[in-house]
Amino acid sequence: MAKRLVLALGSVLLVLLVAEAFVRLFVGPVKPLNVVKVPASIRAEPHFPGVPFVLRPQAEVVHAFASNPEGYFDDDGTLTYRTNALGLRGDETTREKPPGVFRILGLGDSYTFGNGVRREHLFLERLEAGLADARGMEIEVLNLGIPGFSTPQEVALLEHVGVGFDPDLVLIAFVVNDVGGFLPGVQVTAGPPWLAGLAEVFWLAGHVKQRVLAPRTMRRVIEERRRTYGPSAPGWLAAQRALARAKRLADAEGFALVLVIFPNMWELDGAYPFEGVHATIAGAAERLGIPVIDLLEGFREVDRTQLWVHPNDQHPNHEAHAIAAQGIEQGLRAQGAVPR
């Protein structure tokens with residue numbers, strides 16, 4: 001009996017070793033996720049309540065991707081982000097609005113900042129070009145997006161920094177995860193901790209984690225993220241209070257305010273899992289008197305993987321930014337929010 005058990009275990013071990021060798025030779029390792037935190041080298045202390053940091057003026061940071069499958073990044077698989085003298089990702093400009101300029105501010109997180117996208121392809125840059133007025137009205141769009149920011153932090157940035165630019169129109173780009181990852185105390189992981197350790201050593205374990213357990217984990221992520229929009233969910237309540245502050249500020253300062261809802265780049269070519277969440281967000285904004293542009297329809301039936309900046313990074317790529325810019329421009333014109 002013991003001999004048979006040893007033989008069976010040896011056979012299993014042999015099969016695993018052969019599988020590991022096959023994965024290493026023909027499949028390759030699981031590439032790490034391109035989740036990038038804003039490095040300290042580009043952060044500046046804001047000295048404003050509710051704003052964790054701002055971007056340092058005249059700074060740059062290099063984003064290194066695991067590969068360059070589409071050839072969009074630089075030859076070494078990197079993309080460099082630069083800020084101007086005002087700490088914004090964009091052309092040089094002045095804090096004071098020039099005469100005759102219609103100025104738009106874009107607030108948001110890494111979607112707005114443009115992780116994985118060259119500056120000239122960002123939806124705010126495309127929007128500026130699309131709104132150019134042939135009759136002499138100059139349109140200027142400023143990018144106040146900062147990766148990792150939540151809606152309350154974006155509104156705090158508007159209160160302490162944004163109003164100083166004297167905007168005519170402010171766009172708040174809202175993404176489903178802007179109210180926080182999950183409810184307090186909830187953790188979602190792809191498999192047990194010991195598997196994560198094995199995945200660091202054995203490529204086969206990494207592929208099992210990604211291909212088998214990750215889809216199950218994603219279903220749990222979707223379920224938990226929906227719960228973050230419950231009536232008493234703290235992150236959603238904080239986001240609604242922030243939007244109410246933004247609306248009061250817009251009324252007091254005399255600028256227009258529009259909420260732009262971005263879809264997550266998940267299952268866009270199927271049954272999009274957050275359609276109900278979009279309706280919840282739009283309903284709350286409209287009750288506050290804030291016009292809404294929901295970009296979901298423009299992304300319907302699109303193969304989501306064609307809109308990611310990288311196979312391991314689900315930020316919207318340059319093609320997704322083009323879709324977003326077109327949807328925002330059409331929405332603003334339909335609402336009469338920009339000069340005709």
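**Exercise 1. Find the handedness of the crossing of α4 and α7, and describe how the two helices pack.**

Step 1. The crossing of α4 and α7 is left-handed, meaning that the near helix is turned anticlockwise from the far one by less than a right angle. Helices here are DSSP runs of H or I with at least four residues, strands are runs of E with at least two, and both are numbered from the N terminus.

Step 2. Before going on, please note that this is a predicted model, where local features need pLDDT of at least 70, side-chain atom pairs count only at pLDDT 80 or more, and totals for chains, interfaces and linings use all residues. Residues are numbered from 1 along each chain as its sequence is written, and side-chain values use heavy atoms, with hydrogens and water left out.

Step 3. Two packed helices are described by the angle between their axes and the distance between the axes. For α4 and α7 (residues 234-253), the angle is about 20° and the axes are 8 Å apart. Axes are lines fitted to C-alpha atoms, for helices over the stretch in contact, and angles run from 0 to 180 degrees between N-to-C directions. Angles under 35 degrees count as roughly parallel, so α4 and α7 are roughly parallel to each other.

Step 4. Look at the residues that meet (contact means heavy atoms within 4.5 Å). Val 155 and Leu 158 are among those from α4, and α7 brings residues including Ala 242 and Leu 249.

**Exercise 2. Work out which residues of α4 are buried and what they pack against.**

Step 1. Buried means under 20% relative accessible area, using a 1.4 Å probe and protein chains only. In α4, Thr 151, Glu 154, Val 155, Ala 156, Leu 157 and Leu 158 are buried.

Step 2. These buried residues pack against β2 (54-55), β5, β7 and α7.

**Exercise 3. Trace the strand order of the open sheet and find its edges.**

Step 1. Five strands follow the order β6-β5-β7-β8-β9, with parallel pairing; two strands pair if DSSP finds at least two bridges between them.

Step 2. β6 (138-143) and β9 (292-294) are at the edges with a single partner strand each, so one side of each has no neighbour in the sheet.

Step 3. Strand β8 (residues 256-262) runs parallel to β9, joined by three bridges. Here Ile 261 is opposite Asp 294 in β9.

Step 4. Helix α8 (residues 275-287) packs on the sheet and touches β7, β8 and β9, its direction making about 175° with that of β8.

Conventions
Angles under 35 degrees count as roughly parallel, over 145 as roughly antiparallel, 65 to 115 as roughly perpendicular and the rest as oblique. Buried means under 20% relative accessible area, exposed over 50%, partly exposed in between (1.4 Å probe, protein chains only).
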